[in-house]
Amino acid sequence: MRDVYDYAKFFVKNGADSTPNTYDGNMKLQKLLVLANMAYLAQYHEPLFEDSILAFENGLVVEKVRLRYRNDYFGFKADSEKFNPDFNEAEYKTLHDIIGLYGHLTARELSGLNHSFQSWKHAYQNGTTENGYHDKKKSVVDFEAFPEDIEAVGTALKAYRETKNKAPRYEVVNGVTFFYDDDITMTEELISSLEKFSMVCDDDAYSIGQDEGKLVIY
């Protein structure tokens with residue numbers, strides 16, 4: 001199994017951290033790494049990498065990558081620029097699709113997505129003492145205990161792949177473009193929900209879908 005640094009260098013080389021050498025850039029890199037791992041688990045029932053994933057206040061983190069990015073960004077960046085990946089087809093496809101699916105989101109938006117995962121909630125609560133101390137050893141995420149989180153990422157990835165090669169259907173609401181698939185019916189109720197979302201969102205384009213009858217915006 002590959003070292004997690006290989007995937008981190010791929011994301012950095014491709015500019016997926018968005019705001020290089022910043023706290024937010026590091027946070028976004030962490031979230032993309034974890035989502036790629038979850039997506040791979042959903043498809044192939046094995047992780048991309050063996051390193052532990054920890055639950056921090058702002059979401060899920062691969063600690064050794066976080067520290068390298070924070071403490072030695074320019075060395076990390078140089079290593080990433082020289083990196084020539086030899087990923088297999090499944091790895092390449094997963095990494096590129098994770099960028100396509102989540103790369104437009106900000107670090108804060110990805111952090112919010114992490115907070116919806118039961119695996120994060122359980123590990124973060126388990127690793128936080130009554131006085132607020134964060135015990136990393138007790139904050140390790142166990143995805144096997146929360147298969148619904150893996151399934152949610154797998155569902156989003158499947159929907160993305162099914163729609164990305166089709167001529168997109170979209171609705172523009174208050175200047176925000178919402179792309180959707182054929183199984184979505186643009187009702188007045190849905191437009192009302194999108195209108196409310198458009199008033200508080202940060203980006204100008206999103207995809208919408210349904211998960212067990214509930215609206216999903218990503």
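## Overall form and selected local features

With 218 residues, the protein chain would have a radius of gyration near 17 Å as a compact globule, and its value of 18 Å agrees with that expectation. The model is predicted. Along the principal axes, the C-alpha atoms of the protein chain fill a box of roughly 50 × 45 × 35 Å. The secondary structure comprises 9 helices and 6 strands.

Of the 218 residues of the protein chain, 43% count as buried. Considering contacts between residues at least 6 apart in sequence, 68% join residues at least 24 apart. The protein chain exposes about 11700 Å², of which carbon and sulfur atoms supply 48%. The chain carries 24 positive and 37 negative charges, and the mean positions of these two sets are 5 Å apart.

### Helix H3

Helix H3 spans residues 63–71, and Glu63, Val65, Arg66 and Tyr69 are buried in this helix. Viewed down the axis of H3, the buried residues fall within an arc of 165 degrees, so they line one face of the helix. An α-helix has 3.6 residues a turn, so residues three or four places apart point the same way. The buried residues of H3 pack against three helices and two strands, namely helix H1 (4–13), helix H2 (23–44), helix H4 (73–82), strand E1 (54–56) and strand E2 (59–61).

### Helix H9 and the strands around it

In helix H9, which covers residues 188–198, the buried residues are Leu190, Leu194 and Ser198. These residues cover an arc of only 75 degrees around the axis, which puts them on the same side of H9. On the other side of H9, Glu188, Glu189 and Lys196 are exposed. The packing partners of the buried H9 residues are strand E3 (169–173), strand E4 (176–180), strand E5 (205–211) and strand E6 (214–217).

### Aspartates in the loops flanking H9

Two aspartates are located in the loops on either side of H9: aspartate 182 lies in the loop between E4 and H9, and aspartate 202 lies in the loop between H9 and E5. Aspartate 182 has a relative accessible area of 53% and is therefore exposed, the cut-off being over 50%. Aspartate 202, with a relative accessible area of 60%, is likewise exposed. The table lists a C-alpha separation for each aspartate.

| Residue | Second residue | Separation along the chain | C-alpha separation |
|---|---|---|---|
| Aspartate 182 | Glycine 209 | 27 residues | 9.9 Å |
| Aspartate 202 | Glutamate 109 | 93 residues | 8.8 Å |

Glycine 209, listed with aspartate 182, falls within the range of strand E5 (205–211), one of the strands against which the buried residues of H9 pack.

### Residues with positive phi

Most residues other than glycine have a negative phi. Histidine 45 is not a glycine, yet its phi is positive, at about 60 degrees. Histidine 45 is found in the loop between H2 and E1, and both of these elements are among the packing partners of the buried residues of H3. At 68% relative accessibility, histidine 45 counts as exposed.

Asparagine 174 also has a positive phi without being a glycine, with a value of about 55 degrees. Asparagine 174 is found in the loop between E3 and E4. Strands E3 and E4 are in turn among the elements against which the buried residues of H9 pack.

Methods:
Residues are numbered from 1 along each chain as its sequence is written. This is a predicted model: local features need pLDDT of at least 70, side-chain atom pairs count only at pLDDT 80 or more; totals for chains, interfaces and linings use all residues. Side-chain values use heavy atoms; hydrogens and water are left out. Buried means under 20% relative accessible area, exposed over 50%, partly exposed in between (1.4 Å probe, protein chains only). Helices (H or I, at least four residues) and strands (E, at least two) are DSSP runs, numbered from the N terminus. The arc is that of the directions from the helix axis to the C-beta atoms. Contact means heavy atoms within 4.5 Å. The radius of gyration is taken over C-alpha atoms; the globule rule is 2.2 Å times the number of residues to the power 0.38. Accessible areas come from the Shrake-Rupley method with a 1.4 Å probe; for residues, only the protein chains shown count as cover. Lys and Arg count as positive and Asp and Glu as negative; His and the chain ends are not counted. The place of a charge is taken as NZ of Lys, CZ of Arg, CG of Asp or CD of Glu.
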